[in-house]
Amino acid sequence: MRINCLSCGHRLELDEAYDDFEGPVKCLCGAMLKIRTQEGKLKGISLTMKPHPPRGQAASPDLPGE
Ligand SMILES: [Zn+2]
């Protein structure tokens with residue numbers, strides 16, 4: 001079964017262990033997807049964590065010590 005990452009669009013290959021599954025799947029890009037499958041079909045998918053958090057804690061440059 002294949003699903004597309006909602007963040008980067010990467011096609012994730014899931015084996016048959018995921019045919020009846022509900023829970024998190026991690027993409028290569030670092031995004032966490034929550035999926036729900038039944039009989040090998042995707043019933044629901046949502047993005048639970050984006051790979052890159054919104055900026056806010058940008059590293060501040062070192063201040064000259066004067
Ligand atoms: Zn991705």
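## Strand pairing in the β3-β4 hairpin

Two strands count as paired if DSSP finds at least two bridges between them. In this predicted model, strand β3, covering residues 21-26, and strand β4, covering residues 32-38, run antiparallel and are joined by 6 bridges. Within this pairing, Val25 of the chain stands opposite Leu33 in β4, while Lys26 has Met32 of β4 as its opposite residue.

The two strands form a hairpin, with 5 residues lying between β3 and β4. In the turn, Gly30 adopts a positive phi of about 100°.

## The sheet

Strands β3, β4 and β5 form an open sheet of 3 strands, arranged in the order β3-β4-β5 and with antiparallel pairing. Its edge strands are β3 and β5, the latter spanning 41-49, and each of them pairs on one side only. On average, and with direction ignored, neighbouring strands of this sheet are turned by 25° against each other.

## The nonpolar core

The largest nonpolar core has 9 residues in all, and its members are Ile3, Cys5, Leu12, Leu14, Val25, Cys27, Ala31, Leu33 and Ile35. Both Val25 and Leu33 are listed in this core, and these residues also stand opposite each other across the pairing of β3 with β4.

Around Cys5, another member of the core, the contacts are with His10, Cys27, Cys29, Ala31 and Leu33, when residues up to four places away in sequence are not counted. Among these contacts, Cys27, Ala31 and Leu33 belong to the largest nonpolar core as well.

How values were computed:
Residues numbered from 1 in each chain as written. Predicted model: local features only at pLDDT ≥ 70, side-chain atom pairs only at ≥ 80, totals over all residues. Heavy atoms only, no water. Helix = DSSP H or I, 4+ residues; strand = E, 2+ residues; numbered from the N terminus. Core = buried A, V, L, I, M, F, W, Y, C linked by side-chain atoms within 4.5 Å. Buried < 20%, exposed > 50% of the residue type's maximum accessible area, 1.4 Å probe, protein only. Contact = heavy atoms within 4.5 Å. Axes fitted to C-alpha atoms, helices over the stretch in contact; angles between N-to-C directions.
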